[in-house]
Amino acid sequence: MTVSTPPDGEQPVIPTPDDRDPWRPPSPDHGSAPAPWGPPPTGLPPTGLPPTGLPLAPRPGNGMAVSALVLGVLGVVLALPVVLFWLAWLPALLAVIFGSVGLGLARKGRARGKGMALAGVLLGVVGLLGAIAGGVLFVTTVHKANDDASAWIEKAKKSAEAEKKARHPSFGGSYTFGNGLKVTVAEPQPFVPDGYVLGHAKGNKAVQVTIKVVNTGTERVEIQTGLPSVNDADGASTELVIDGSGRQQVLKGYVLPGREVVGTYAFSLPPDAADRMEVEFTPDAKRWERTYWSGPTGLTGK
């Protein structure tokens, strides 16, 4: 910079800062120092810088939100199969709890993942509802199954009792076996053996048993077991009477459809147990259980 020399008797002129920079705007106070270059002071730190001048720290992640989302998905998946409802309720409940905590942290600005936490809560609620629905359905199904089982058992019990009663008719009653043979045992009649007799002790009472068999099916059926068994009033087995009269007829062979055969037998009963007796008979002991006819004999014991 060059300072011009004035003529004699005048003071030299020293240029001011405004004179040195003709493009600078005039200072409001010509006597004060000019403001430094840069933006005017506002009292606020530059964007992105805290009052200390350090960069802002990012908010931490939200572990509660992540856990809520994972547990919520797990709860819904386990709730889909109804049989796994007892496994679904726990992760679903934890998802609701963790998601609620994660939402609180996000709202306070202490963590991120607000949407993730909300999704975890919603999935947890869905999982809980699915678990409850599965539990109700399971209880209802078990209750119905128990009722059906009880009804079936009661029905089977009644059927067994009815079958037992049907297999214990009185004399003159009938019972039809599974092969279609309908068997009827007539009321016992007194039997007087002839002079030549086996199986009849002196003093005993002889009784005649008549058995009629009718084939109610459409195919011929063979009688495999033709002899009945007789028990006296005391439940003791009696002895078959055989004499030379030829009145006994043993059931054997085939019975054609719609046809009937008759067998007659004589048994010896002790006089003190001759007032009642029981006749056991089955056409095939290997396939069908015995049926029992019982009742009074019409004989008077001593």
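**Exercise 1. List the buried residues of helix H4, then find what covers them.**

Solution. Begin with the list: Ala-117, Gly-120, Val-121, Gly-124, Gly-127, Ala-131, Gly-134 and Gly-135 are the buried residues of H4. Keep in mind as you look that this is a predicted model. Next, look at the surroundings: H2 and H3 are among the elements that cover these residues.

**Exercise 2. Check whether the end-to-end distance of H4 agrees with its number of residues.**

Solution. Step one: H4 has 53 residues, and at 1.5 Å a residue they should span 78 Å. The expected span is 1.5 Å times one less than the number of residues. Step two: the end C-alpha atoms of H4 are 77 Å apart, so the two values agree.

Now try H3, which covers residues 85–107. Its 23 residues should span 33 Å, and its end C-alpha atoms are 33 Å apart, so there is agreement here too.

**Exercise 3. Describe the two sides of the story for H3: what is buried, and what belongs to a surface patch?**

Solution. Start with the buried residues of H3: Phe-85, Ala-88, Pro-91, Ala-92, Ala-95, Val-96, Gly-99, Gly-102, Leu-103 and Ala-106. Their cover includes helix H2 (63–79) and helix H4 (114–166).

Then turn to the surface. Met-64, Trp-89, Leu-90, Leu-93, Ile-97 and Val-101 make up a nonpolar patch there, and together they have about 490 Å² of accessible area. H3 gives the most to this patch, with five residues.

Take Val-101, a residue of H3, as a test case. Its relative accessible area is 37%, so it counts as partly exposed. Finally, follow the chain just past H3, where Gly-109 takes a positive phi of about 80 degrees.

**Exercise 4. Decide whether Gly-180 is buried or exposed, and find what it touches.**

Solution. First, place the residue: Gly-180 sits in the loop between strand S1 (174–176) and strand S2 (181–185). Second, apply the cut-off: buried means under 20% relative accessible area. Gly-180 has 10%, so it is buried.

Third, look for its partners. Leaving out residues up to four places away in sequence, Gly-180 touches Val-214, Asn-215, Thr-216 and Gly-217. Val-221 is 41 residues away in sequence, yet the C-alpha atoms of Gly-180 and Val-221 are 8.1 Å apart.

**Exercise 5. Find which residues have the most contacts inside the largest nonpolar core, and which elements build it.**

Solution. The core has 24 residues, and Val-209, Ile-211, Val-213 and Met-277 have the most contacts inside it. Two or more residues come from each of S2, strand S5 (205–215), strand S6 (221–223), strand S11 (260–269) and strand S12 (276–281). S5 gives the most, with four residues.

Zoom in on Val-213: beyond its neighbours within four places in sequence, its contacts include Leu-181, Val-183, Ile-223, Leu-251, Val-261 and Phe-281.

**Exercise 6. Work out how exposed Glu-222 is and what it touches.**

Solution. Glu-222 lies in strand S6. Its relative accessibility is 31%, so it counts as partly exposed. Not counting residues up to four places away in sequence, Glu-222 touches Gly-253, Tyr-254 and Pro-283. The C-alpha atoms of Glu-222 and Pro-283 are 7.9 Å apart, with their positions 61 residues apart along the chain.

**Exercise 7. Sum up the whole protein in numbers.**

Solution. Count the elements: there are four helices and 13 strands. Then consider burial: 27% of the 302 residues count as buried. Last comes the surface: the protein exposes about 19,700 Å², and carbon and sulfur atoms supply 62% of that area.

Definitions and conventions:
Residues numbered from 1 in each chain as written. Predicted model: local features only at pLDDT ≥ 70, side-chain atom pairs only at ≥ 80, totals over all residues. Heavy atoms only, no water. Buried < 20%, exposed > 50% of the residue type's maximum accessible area, 1.4 Å probe, protein only. Contact = heavy atoms within 4.5 Å. Patch = residues over 30% accessible without salt bridge, like charges linked within 9 Å, V, L, I, M, F, W, Y side chains within 5 Å. Areas by Shrake-Rupley, 256 points an atom, 1.4 Å probe, with all protein chains shown as cover. Salt bridge = Lys/Arg side-chain N within 4 Å of Asp/Glu carboxyl O. Core = buried A, V, L, I, M, F, W, Y, C linked by side-chain atoms within 4.5 Å.
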